[in-house]
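Welcome! Take a moment to turn the structure around on your screen before reading on. The briefing below starts with one residue and then widens out.

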Amino acid sequence: MSEEQQTQPQLALERLYTKDISFEVPGAQVFTKQWQPELNINLSSAAEKVDPTHFEVSLKVVVQANNDGETAFIVDVTQAGIFLIENIEEERLPYILGAYCPNILFPFLREAVNDMVTKGSFPQLLLTPINFDAEFEANMQRAQATVAEGQA
């Protein structure tokens with residue numbers, strides 16, 4: 001194997017899995033009321049180095065639906081993937097782990113949430129697509145502004 005082949009950048013999803021999943025309906029009375037939910041959606045991502053060439057990236061969402069002042073359901077899903085990341089420039093790693101990988105995981109997370117909600121006898125819940133690239137850039141700008149404020 002030539003030196004050029006050994007240093008070729010590699011990025012691949014090697015394993016996709018549901019890391020954690022939970023669905024709760026606190027009370028059956030929710031099914032006797034008119035359905036006009038208020039949704040509270042919290043989304044976060046995390047990355048952890050598994051070994052020198054693999055990272056686990058996870059995307060977690062918690063959705064709480066309130067109807068008529070009561071909790072109708074809570075769905076909590078963490079979708080994860082093991083990514084091979086090798087020979088990638090160190091400065092590119094935050095973007096890959098914070099935007100690229102979550103973009104890959106999101107459709108699977110969205111499907112899992114919808115499946116749980118519909119199996120719970122509620123109307124379909126399709127999470128709005130997210131532009132993780134724009135979110136990553138906004139987070140980087142906020143972090144830089146915070147650093148700049150701290151130095152002022």
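Let's begin at Gln79, which has its place in strand S4, a stretch covering residues 70–86. Keep in mind as you look that this is a predicted model.

**Gln79 and its surroundings**

- Is Gln79 buried or exposed? Its relative accessible area is 4%, and Gln79 counts as buried because that value is under the 20% cut-off.
- The side chain of Gln79 has a polar atom that lies 3.1 Å from the backbone oxygen of Tyr17.
- Which residues does Gln79 contact, once neighbours within four places in sequence are left aside? They are Leu16, Tyr17, Thr18, Val57, Ser58, Leu59, Leu105, Phe108, Leu109 and Ala112.
- Tyr17 therefore turns up twice in this picture: its backbone oxygen is 3.1 Å from a polar side-chain atom of Gln79, and Tyr17 is on the contact list of Gln79.

**Leu43, a residue in another strand**

- Leu43 belongs to strand S2, which spans residues 38–51.
- With a relative accessibility of 32%, Leu43 is partly exposed, because this value falls between the 20% and 50% cut-offs.
- Setting aside residues up to four places away in sequence, Leu43 touches Leu59, Lys60, Val61, Leu109, Ile130 and Phe132.
- Leu59 and Leu109 are among the residues that Leu43 touches, and they are also among the contacts of Gln79.
- How far apart are Leu43 and Thr78 in sequence and in space? They are separated by 35 residues along the sequence and by 9.7 Å from C-alpha to C-alpha.

**The fold as a whole**

- The chain has three helices and four strands.
- Following the sequence, you meet these elements in the pattern α-β-β-β-β-α-α.
- The chain is more spread out than a compact globule, because its radius of gyration is 19 Å, well over the 15 Å that the globule rule gives for 152 residues.
- Along the principal axes, the C-alpha atoms fill a box of roughly 70 × 50 × 20 Å.

**Contacts, burial and surface**

- Of the contacts in the chain with a separation of 6 or more, 69% are between residues 24 or more positions apart.
- Buried residues account for 30% of the 152 residues.
- About 9500 Å² of the chain is exposed, and carbon and sulfur atoms supply 48% of that area.

**Charges**

- The chain carries 9 positive and 22 negative charges, and the mean positions of these two sets are 6 Å apart.

Conventions:
Residues numbered from 1 in each chain as written. Predicted model: local features only at pLDDT ≥ 70, side-chain atom pairs only at ≥ 80, totals over all residues. Heavy atoms only, no water. Helix = DSSP H or I, 4+ residues; strand = E, 2+ residues; numbered from the N terminus. Rg over C-alpha atoms; globule rule 2.2 N^0.38 Å. Buried < 20%, exposed > 50% of the residue type's maximum accessible area, 1.4 Å probe, protein only. Contact = heavy atoms within 4.5 Å. Areas by Shrake-Rupley, 256 points an atom, 1.4 Å probe, with all protein chains shown as cover. Lys, Arg positive; Asp, Glu negative; His and termini not counted. Charge placed at Lys NZ, Arg CZ, Asp CG, Glu CD. Polar contact = N/O pair within 3.5 Å; in protein donor to acceptor, adjacent residues only side chain to side chain.
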